[in-house]
Amino acid sequence: EKRELVKDGYMAWRSILCETNMTRSRIADIQRALSAAGHDIGPDGVDGVIGADTIKAVNAFQLANDLPVDRYINVKTLKALGVSPK
């Protein structure tokens, strides 16, 4: 077995939406903004719950808008969606 380093790794610090600020209302705002931007938030629609479909929509929005893509909702994404992080 042979392994080849294709790209050096790196670490990036990002501000994310913390549990304290992750209210049902704010999640619903995120879901509405994602839907308005043309991203499918899943069959449950705007329900204020972060589920797999909402995260898929967040990641698709991030990719489409050249934003950092990860498993957390970062502040850059919130600002791009027009949703307040606080």
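This report walks through the fold, the helix packing, the core and a few individual residues of a predicted model.

## Overall layout

Let's start with the broad picture. The chain contains three helices and zero strands, and reading along the sequence gives the pattern α-α-α. Along the principal axes, the C-alpha atoms fill a box of roughly 50 × 25 × 20 Å.

The chain has 86 residues, and 31% of them count as buried. If you like to think in terms of contact maps, take the contacts in the chain with a separation of 6 or more: residues 24 or more positions apart account for 37% of these.

## How α1 and α2 pack

Two packed helices are described by the angle between their axes and the distance between the axes. Here, helix α1 spans residues 24-36 and helix α2 spans residues 52-64. Their packing angle is about 55°, and the axes lie 10 Å apart. Because of that angle, α1 is oblique to α2. The crossing of the two helices is left-handed.

Which residues make this contact? On the α1 side they are I30, Q31 and L34, while α2 brings T54, A57, V58 and F61. Sorted by class, the contact of α1 with α2 holds five nonpolar residues, two polar ones and no charged ones.

## A polar residue at the helix contact

T54, one of the α2 residues in that contact, is worth a closer look. Is T54 buried or exposed? Its relative accessible area is 2%, and the cut-off for buried is under 20%, so T54 counts as buried. Leaving aside neighbours within four places in sequence, T54 is in contact with Q31, L34, I41 and V49. Two of these partners, Q31 and L34, are also named on the α1 side of the helix contact.

For a distance to check in your viewer, try T54 and P85: these residues are 31 apart along the chain, and their C-alpha atoms are separated by 17 Å.

## The nonpolar core

The largest nonpolar core has 14 residues, and the members that touch the most other members are L17, I30, L34, I73, L78, L81 and V83. Three elements give two or more residues to this core: α1, α2 and α3, the last of which covers residues 75-81. The largest share comes from α1, with four residues.

L78 makes a good entry point to the core. This leucine is found in helix α3 and counts as buried because its relative accessibility is 0%. Outside the neighbours within four places in sequence, L78 is in contact with L17, I30, I73, V83 and P85. The C-alpha atoms of L78 and R26 are separated by 10.0 Å, with these positions 52 residues apart along the chain. V83, in turn, is in contact with R26, D29, I30, A33 and L78, again leaving aside neighbours within four places in sequence.

## A second buried residue in α3

T77 is also found in helix α3. With a relative accessibility of 0%, T77 counts as buried. Not counting residues up to four places away in sequence, T77 touches V58, F61, Q62, L67 and P68. Two of those partners, V58 and F61, belong to the α2 side of the contact with α1.

## Loop and segment residues

Two aspartates in the loop between α2 and α3 deserve a visit. D70 lies in this loop, and at 19% relative accessibility D70 counts as buried, since the cut-off is under 20%. D70 touches R14, N59 and Q62, not counting residues up to four places away in sequence. The C-alpha atoms of D70 and V58 are separated by 9.3 Å, and these two residues are 12 apart along the chain.

D66 is found in the loop between α2 and α3 as well. What is the phi of D66? Although D66 is not a glycine, it has a positive phi of about 55°. At 74% relative accessibility, D66 counts as exposed.

Finally, T20 has its place in the segment before α1. T20 is exposed, with a relative accessible area of 66%. The C-alpha atoms of T20 and F61, residues 41 apart along the chain, are separated by 23 Å.

Definitions and conventions: Residues numbered from 1 in each chain as written. Predicted model: local features only at pLDDT ≥ 70, side-chain atom pairs only at ≥ 80, totals over all residues. Heavy atoms only, no water. Axes fitted to C-alpha atoms, helices over the stretch in contact; angles between N-to-C directions. Parallel < 35°, antiparallel > 145°, perpendicular 65-115°, else oblique. Left-handed = near helix turned anticlockwise from the far one by under 90°. Contact = heavy atoms within 4.5 Å. Nonpolar A, V, L, I, M, F, W, Y, C, P; charged D, E, K, R; others polar. Core = buried A, V, L, I, M, F, W, Y, C linked by side-chain atoms within 4.5 Å. Buried < 20%, exposed > 50% of the residue type's maximum accessible area, 1.4 Å probe, protein only.
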